[in-house]
Every structure is written in structure tokens, then in C-alpha cells.
Amino acid sequence: MFCGLEPRAPSGHRSLPQMKLLLVGWLLASVWAEAQDYYNLLGVGREATVREIRQAFKKLALTMHPDKKPNDKSAHDAFLKINRAYEVLKDEDLRKKYDKYGEKGLDEQQGGRYESWNYYRYDFGIYDEDLEIITLDRGDFDAAVNSGEIWFINFYFPRCSHCHQLAPTWREVAKEMDGVIRIGAVNCGDNGHLCRSKGINSYPSLYVYRAGQKPEKYFGDRSKDSLLQFSMHFITTTVTELWQGNVFTEIEQAFSSGVGWLITFCSETGDCLESQTRQKLAGMMEGLVRVGWMDCSSKAALCEDTRWILNRKKLLWLQTLDSREIYNQIINHLPDLPLLTKDTFQSQLAHHRWLVSFTFGEKNTASNEHKKLKAMLRNDHIQVGRLDCMVDAELCLSLYIQKSCLAVFKGMGVSDFEVHHGKNVLYNIVGFARESVSAHVTTLLPDNFPSDRKEPWLVDFFTPWCPPCRALLPELRKASIQLAGQMRFGTLDCTIHHHLCSMYKIQAYPTTVIFNRSSLHEYEGQHSADGILEFIQDLASPSVSVLDPESFQRRVKGRAGGEIWAVDFYAPWCGPCQALLPEWRRMARLVAGQVMVGSMDCQKHQSFCRSQGVRAYPEIRLYPSQPSPADTYMTYSGWNRDAQSLRMWTLSALPRVSVDLSPESFRDLVLLGPDHWVLDFYAPWCGPCQHFAPEFEVLARMVKGEVRSGKLDCQAHQQTCQSAGITAYPTVRFYPHLGTRRPLRQDRTRKQMYSDQS
């Protein structure tokens, strides 16, 4: 897909005031048009999650679908608009391009197809309305399954009938196991790459994930009881039977270590927690409260003594047998996280890693859940505390903490910290804390912003409400680990630090910039650690020459006799151009030393590109070696713009080093001649042969001077190839010469052949 040129200004004479008025009018019209944007079409805010976008689209699809309006000729076009909006906003990469460049930054074909009304009614977003089921996508899957909690995940496909049959049962399992293990769902229609990377090849596929362990697939029948029994198998927390020999020592040991006890006294009246309920509660409160039971029907006196002793301690007597009610009462009863103050904050954070919950006096369900963080992060040696910004307002202001949040302090003092911007749920918080203490990403403030630092910095300008921004943050952490000691990483919240973001003309989020002393380089590419690493590698050792009109004339038009240039004419606002950018850099590295590779920004040099006949973006041209005229070029018209396809096209333009052989020259030069030879036996109709041809020329250049290279057409010279024992195309064979001229080490006779058939 190509992006057309931006329209020229209209010709004609107008006075300056008229021009100003027209310009203002045009800008207002642009603002109004932009107000009718994809977010408005779907009725969602710019901070909407993928789940919220999907829910909004489904509601519109059920009322606006052309199937429901057979007599409305405009229904098709109207539905295409909301379908395109959905297809763009659900994809974090497309969403970023849209936020930055508007519609002109997108592929025109995006959202051009849609499904029937029945699909949106019955197959679309199966679990979007189920609060107990957590829908995961590629942005939060890894953090979830590595959080330390147990996950039972349903990988499904919207059109799969078995997936729909399972859905009601899966909802029942989710309600039954709520708070015990996490019940999740992954839509493999929207997250195909994620599902393939996890080895999912059938639907529904049910897997249990535990941090640090291999996922375990469920193969049993899909009844509720079987699924619950399988789930409970992974709750390994001990439930203790208390008796004369252990009751008092167990209770005292737990109390002395700060762990509480939940004891159910079982009598013949049946007023006792069932075995499975005890096991569930043990899993829900692991590390906080131990669970035990006493048989009072046979040990009545012991039960009475135990009750008498426990009544002397701070107790919570529970009057319910419902596991969720018991859990809520216990979690409310447990002490809050340790309180940090301005007097203890700096000393505590100087030498220890901390996860700090900043609050503004409020106490809610989320803050109660945070009580579990201490136990969940104990093995990671991360301490957990809280700080009340209503009490220590000055300290919070110095850190630019303006609302309730969590932050990881990495043991290097107050200034080295990272704020959590993910979901306020335990699995996301725990995953963030573990990643953050190992990574080298710092939350930037005006005092430590690297505008004049000597060492290179990668700065991510973002807003917390932007889903692509949140998806990029874990990738930055991964990249920071890979580049530890070479580059520092920081994030700047543009909702707080408006002046800094305005200073660097940040117009879309996320915008990632490399600060290397006086040089600034904006990152354009996939939101992945690998993409960032490739970009930084290319900055350190550029593979693509940035051309302007002067250097184009001097280096491309005035190229030396043996030089070949491949040039990408692009515009920064063009979506296909942005998609090409990382592939163009990869291609340049693959052909380094053989082809010169450049790029020309046609937004910056618009008139020059027009003078060169560039009419759409991206336009990829190859300028062959002299003695061709300087203006001679070939245009790439291939459908695929990946690095390998571009490499093959580029290499095919190189002058040949190999020679064509006939039966006579094969006999005289190869079999009887004085040289070493490597031959490519091929057939013109053979697709793999055509694909391999440029690779063979690369080989021919590598061995030039030591080994001669030749090609034999086995369609034209079938008998010769049959006599040589060729049975497949292409076949590469090495014919060594055993004479004294340029000998190569080999252990075979002249008649023996090295072959590599593919």
C-alpha cells in the first residue's frame, strides 16, 4: 500500500489578510474533522482499554450492521467507518500511528472487510462482560503468568463451536475459583501471534500457568466438576489438623512470625468449613494466614481449652461458612502495610528495595488487597510499605506524586524509582515490581531530565491514559537490561511535565527519543524490545545513509563505477513508510558491503522528491552501477516489504560473477580444467531456483579469486545434468581441482563431489 502525496496549495493571488483568514478557516475545519475521529466514532475516550473499545464496537455493530438495515444504502459505508476505527484502535501499533499522524498514517485497506451480524451477536467478545474472567492480550500476558499467582487460561477462537459450548461452564468455574486462582481467556482471533508463540494449535486449549514452571495442559472432559478438581490440584498450601501435640506450638510460632491463624472448630452439628473450602482459603491467604481445623466431636476438652486461650488474644470470630465472606472479613482485619514518613523515608530507601503505595488518606478495596503484596514479594527481597500524602504532602510533591499510585524504589536512594502505570490488580503490580527492580528504567523529573548529560539516554515521553504507552513500558524494561552500562532509560509523564514535553515538541504518545549529547533521534518502529535494540544498534553503526538533495546528487547520481544504491523515498506521516522503516534498516545490514542504502525524507525535501518524479510513498528505487546513465533506476513493485524480500530484489541487480555453462564448457572447464568450481544446477521454471539465484551470486563473490562459479540450465541441458546425477533443483556442487594451482584442503578424489541439495 502506498501513501499519496500531500495536496499542493491552491494557485491564484490572494491578499495577505484573506490568506490568513483562509488559513484559520482551514485549521478550524481540520480541528473539527479531527474531532470526528475514531474515538468519537466508537464513543470512547482516548484512554480506553482494548476491552472497552471492543465492548463499544460490539454495541454499535449490533445496531448499525447492514444486515439490520437492508433498505439503507448508506449502511455499508457507515459500518465501514466504525469497523475501520475498531481495527485501528484495537492494535497498539496502528493506534500510535493514528494518534500521531491521523488517518494519513494508516494503510487504506485497514478495516475494509467485516463479518455478518450473527458473528457480532454470538461470536464476538465472548468473555468481555464477565468480571471474574480476565481477558489477556500480548501486552499483559507475560506479566500476568509470571506474577506468582496461579492462572488457568482458556485459549479460544471466536468461530469455534466447542469454545462457545465451554463458555457457560468457564464462567461458573471463574465464579467458583474467584480469589483462589486467576481464570483468564485469550482471544486467538485478535492475538494470533501470541497464541502461536505459546504453541496453541487447537481450540479451546486450556493451560495452567505457574511462575517458573512449564505450563500444564488440561486434557480431561470440560465439565465444571472436572475443571474444578483439576484447578484445586494446584493449590498446594497446607491445611493443618490441630491436636494436643501441635496446637499450642503451631499457634505461637505463627503469631511470633507475624502470621495469623484461621481455625475452624468442627463438631457433630456440621458447623464446620468443608475440606475444599479450607483448601481454597489457604490458597487465597497464603503467607498471611495459616488455615487449620480441630475435630471437636472427639476432642471436646481440647477445643474448649483452645478457645479459652485464643479469647485472651486479639481475635475475629466469624459467623459465616462462605469462603468469599470469610476472606473479606479477614483481609479487612489484617494490619495495614508499614507506614513510612518523611523522617524514615530516605533512610529506609537508601539500602533496600521497596514497593511503596502512595495514598491520599483513602482506604478502599484496593488498599486492602495491597496487604497481600508483602507476602507475595517476600522471596524477591522487596519490602512493601505505604506513605500518606495527606500527611507528608511536601515529600509527595517533591516526587511529583499527584494521585494514589505505587512505585518501586530500587535501593539507590529516593531519586531512583519507577512509577507503576498498569492495572491496579495484584498480578500486574507484582509483575511490575519484579521487572522493575531488575531493570534500569527511571521515572524522570525536571531535576534529573537528561537534556545535557554526557551518557546516552533513551527517554519515553508518554501519558498514563494511553494504552500503547502502557504496553511499551515492559518492553523498555527488557531493552534496558540488554543495554545495561551502555545506555540509560527514563520515562517522562507528559500529563505532569507539560513544559518539558512541549519543549521537545511531543505531539503523540508514546514518543521515544534517544538523547546522545547534542543529538536527538526519534524512534520509529515496532513497540518491542528487539525493535528498540535494533534501532539503537543502527544509531551506533548506521546502515542507512540519510540523504538530502545535495548528498543525493553527490553520492547517488555521482556514484562510482561499481557502486549500487537502494533508496527509500518516504514521508514520516505515511503508515506504510513507518512499517517499512525497521525492515529497511535490517535489509541494509544484510547487504552491507555490496549495496549502498539510503533514505530521503520527502516531507522535508518535498520539492526535490517531486523533481525526481516521486509521486507516492514509500517509493523504493535501485540505482545500478555505471556505466548506466546516472538517472537510470529500477522501482520495487513487490508486494512484500520485509527485509528478506527487499534483500533478494536488491541483490538480483548486482552484476553477475558466475558464468553460464554449456555441456562443452562444463566438460572442458569444470571436469578437465585447472580450476576449482562451484556450480548451481537449476531449472528456469523452478521457484526455489529463482529465489536462490541471488544467494548463489553472494557465494560467488565470496569465493572469487579462489573458486570459479558457474550455472548450468538443466532444462536446456537435461542429458548433461542427468549424467552428473542431478535429481533436484537447485543443486549446488563443488568440483575441486587436485593440481598444484591454489590448492584447497580436501580429502576426496576428482570424481567425488560435494553436494548440497535443497
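Strands S8 and S9 (residues 289-295) pair in the parallel sense, over seven bridges. This comes from a predicted model. Two topics follow: a three-stranded sheet with its packed helices, and a buried arginine.

**The sheet**
- The sheet is open and has three strands, in the order S7-S9-S8. Its pairing is parallel.
- S7 (239-241) and S8 (260-266) are the edge strands, and each of them pairs on one side only.
- From one strand to the next, the twist averages 25°.
- Cys-266 has Asp-295, in S9, as its bridge partner.

**Helices on the sheet**
- Helix H12 spans residues 275-284 and packs on the sheet. H12 touches S7, S8 and S9. The direction of H12 makes about 160° with that of S9.
- Helix H13 spans residues 300-310 and also packs on the sheet. H13 touches S8 and S9. The direction of H13 makes about 145° with that of S8.

**Arg-585**
- Arg-585 sits in helix H24, which covers residues 575-590.
- Is Arg-585 buried or exposed? Arg-585 is buried, yet has no salt bridge.
- Which side chain of opposite charge is nearest to Arg-585? That is Asp-538, 4.4 Å away. A salt bridge requires a side-chain nitrogen of Lys or Arg within 4 Å of a carboxyl oxygen of Asp or Glu, so this pair does not count as one.
- Leaving out residues up to four places away in sequence, Arg-585 touches Tyr-523, Glu-524, Phe-535, Asp-538, Ser-543 and Val-544. Asp-538 is thus a contact of Arg-585, but not a salt-bridge partner.

Definitions and conventions
Residues are numbered from 1 along each chain as its sequence is written. This is a predicted model: local features need pLDDT of at least 70, side-chain atom pairs count only at pLDDT 80 or more; totals for chains, interfaces and linings use all residues. Side-chain values use heavy atoms; hydrogens and water are left out. Helices (H or I, at least four residues) and strands (E, at least two) are DSSP runs, numbered from the N terminus. Buried means under 20% relative accessible area, exposed over 50%, partly exposed in between (1.4 Å probe, protein chains only). Lys and Arg count as positive and Asp and Glu as negative; His and the chain ends are not counted. Contact means heavy atoms within 4.5 Å. Two strands pair if DSSP finds at least two bridges between them. Axes are lines fitted to C-alpha atoms, for helices over the stretch in contact, and angles run from 0 to 180 degrees between N-to-C directions.
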